[in-house]
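This report describes the fold from its helices outward. Please read it with the coordinates open.

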Amino acid sequence: MWARRLLRSLRAAPIVAALIAAHGDSRGEPAPADPPFMVVDLHVDLPWQVHFKGRSAALTEGHATLAGLVAGGYGGIVFPIYLPDSAHKDGSHIEDADAVFATIESLIAQHPLFLPLTARAAEPGRIASFLSIEGGGAFAADIPQIDRFIARGLRLVSPCHGKNSPLSSSATGARVDHGLTPLGKEFCERVYAHGALVDVSHVSDAAFADIAAIARAHGAPVVATHSNARAVAKQPRNLTDDQLRVIRDTGGVAGINLHAPFVNGSNEATVADVVAQVEHMVAVAGIDHVAVGSDFDGGIKVPEGLEDAAALPRLAAALRARGMSYDHVLQIFSLNALRVLGWRGGKQGAPDGG
Ligand SMILES: [Zn+2]
């Protein structure tokens, strides 16, 4: 099942195929010391830091510095266009998305470390760039505008952030009796129909169910870019075991989030706590359906020992020490994420039940 989907993603997305060819060939029996694990991180809030928080575009500070990404083994990174609920009195606007997109393009252009969004081939020592939108409520004003972003490389979009949006209720929003709004359903239908994915991180349980139904109709994987298991840390932002099984059944992934409260429910966490989250998510969803969505630079409280991107090999080592195979760690660190990033809809995205 997993291999078939991966093969489809190879045909659909040349950059994904190139990354797997460049780094996935190291699968097999580990040498005495494991070769480095390529990381493909589904959520790093660098653009937010640079666009809204005044961080230098030199990328020499914070959780995800250029040097840290290299040291951490990054081969791919998803840059979110985060649209804060507080951007304007009436929420965010579509032109905010254009402005953040321009910042992302500028960062990529300034730093040869990042491959352009349009790259079709991987290059040794460079990081493939992918695009998402976090908090897409602004698009309720003009839904077809999302097409422009999909055409420019958008892979994932979440219909809300921390508050309810005109598209969807939020996991942390005011209590309402709906999930997706009628506009939200129209929006998600359009996203899948155009070959991109809806990101269920931040949506309410009711919206998760609405999105899952639309995803299934499109043969699309349900993806939570940066969400953990609620059974381990009781937070509305985390996924129930039933939701993890929906992610499994649709071929999706949940990206492990390193924010301490989402890891263990407290303000401090350790590498062992992150390992416990990973092990629970793997036990419930299966090894094909857990990825990395660090939330680095998203204002998170990082675990002790996983303070920045450069520390990710420590998580790999901890999982190996717990007995996880080299191949399984590689799946979590990159291959599962690449599978869903390679989804382009249509016949090649048909579900096969795995
Ligand atoms: Zn988030």
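## Helix α7 and its buried face

In α7, the buried residues are Gly184, Phe187, Cys188, Val191 and Tyr192. A residue is buried if 20 or more other C-beta atoms lie within 10 Å of its own, exposed if 12 or fewer, and partly exposed in between, with C-beta atoms placed from the backbone. These residues lie on the same side of α7, because they cover an arc of only 125 degrees around the axis. The arc is that of the directions from the helix axis to the C-beta atoms. An α-helix has 3.6 residues a turn, so residues three or four places apart point the same way.

The model is predicted: local features need pLDDT of at least 70, side-chain atom pairs count only at pLDDT 80 or more, and totals for chains, interfaces and linings use all residues. Residues are numbered from 1 along each chain as its sequence is written. Helices (H or I, at least four residues) and strands (E, at least two) are DSSP runs, numbered from the N terminus.

Helix α7 spans residues 182–193. Its twelve residues reach 17 Å from first C-alpha to last, close to the 16 Å expected at 1.5 Å a residue. The expected span of a helix is 1.5 Å times one less than its number of residues. The buried residues of α7 pack against α6 (146–151), β4 (154–157), β5 (197–198) and α8 (205–217). Contact here requires C-beta atoms, placed from the backbone, within 7 Å. Just after α7, Gly195 takes a positive phi of about 85 degrees.

## Overall fold

The protein has 13 helices and eight strands. Its C-alpha atoms fill a box of roughly 55 × 45 × 40 Å along the principal axes. The radius of gyration is 18 Å, which agrees with the value near 20 Å for a compact globule of 354 residues. That radius is taken over C-alpha atoms, and the globule rule is 2.2 Å times the number of residues to the power 0.38. Of the 354 residues, 53% count as buried. Among contacts with a separation of 6 or more, 74% join residues 24 or more positions apart.

## The core and helix α13

The largest nonpolar core has 109 residues. Such a core is a set of buried Ala, Val, Leu, Ile, Met, Phe, Trp, Tyr and Cys residues joined through C-beta atoms within 7 Å. Ile211, Ala254, Met281 and Val290 have the most contacts inside this core. Helix α13 (residues 326–341) gives the most to this core, with nine residues. Ile211 touches Leu180, Cys188, Val198, Val200, Val203 and Val222, not counting residues up to four places away in sequence.

Of the 16 residues of α13, 13 are buried, so α13 is largely enclosed by the rest of the structure. The ends of α13 are 22 Å apart, C-alpha to C-alpha, which agrees with the 22 Å that its 16 residues should span at 1.5 Å a residue. α13 also bends by about 55 degrees at Ile332. The bend at a residue is the angle between axes fitted to the seven residues ending there and the seven starting there. Leu335 is found in α13. Leu335 counts as buried, with 24 C-beta neighbours inside 10 Å.

## Helix α11

Helix α11 covers residues 271–285. Its 15 residues should span 21 Å at 1.5 Å a residue, and its end C-alpha atoms are 21 Å apart, which agrees. Buried in α11 are Asp273, Val274, Gln277, Val278, Met281, Val282, Val284 and Ala285. They pack against α9 (241–249), β7 (253–256), α10 (260–264), β8, α12 and α13. Gly286 follows α11, with a positive phi near 100 degrees.

## Loop residues

Leu59 and Asp297 are non-glycine residues with positive phi. Here they are with their loops.

| Residue | Phi | Loop |
|---|---|---|
| Leu59 | near 55 degrees | between α3 (46–52) and α4 (66–72) |
| Asp297 | near 65 degrees | between β8 (290–292) and α12 (312–321) |

Leu59 is buried, with 22 other C-beta atoms within 10 Å. Asp297 counts as buried, with 24 C-beta neighbours inside 10 Å.

Thr65 sits in the loop between α3 and α4. Is Thr65 buried or partly exposed? Thr65 counts as partly exposed, with 19 C-beta neighbours inside 10 Å. Leaving aside neighbours within four places in sequence, Thr65 is in contact with Leu59 and Thr60.

Notes. Contact = placed C-beta atoms within 7 Å.
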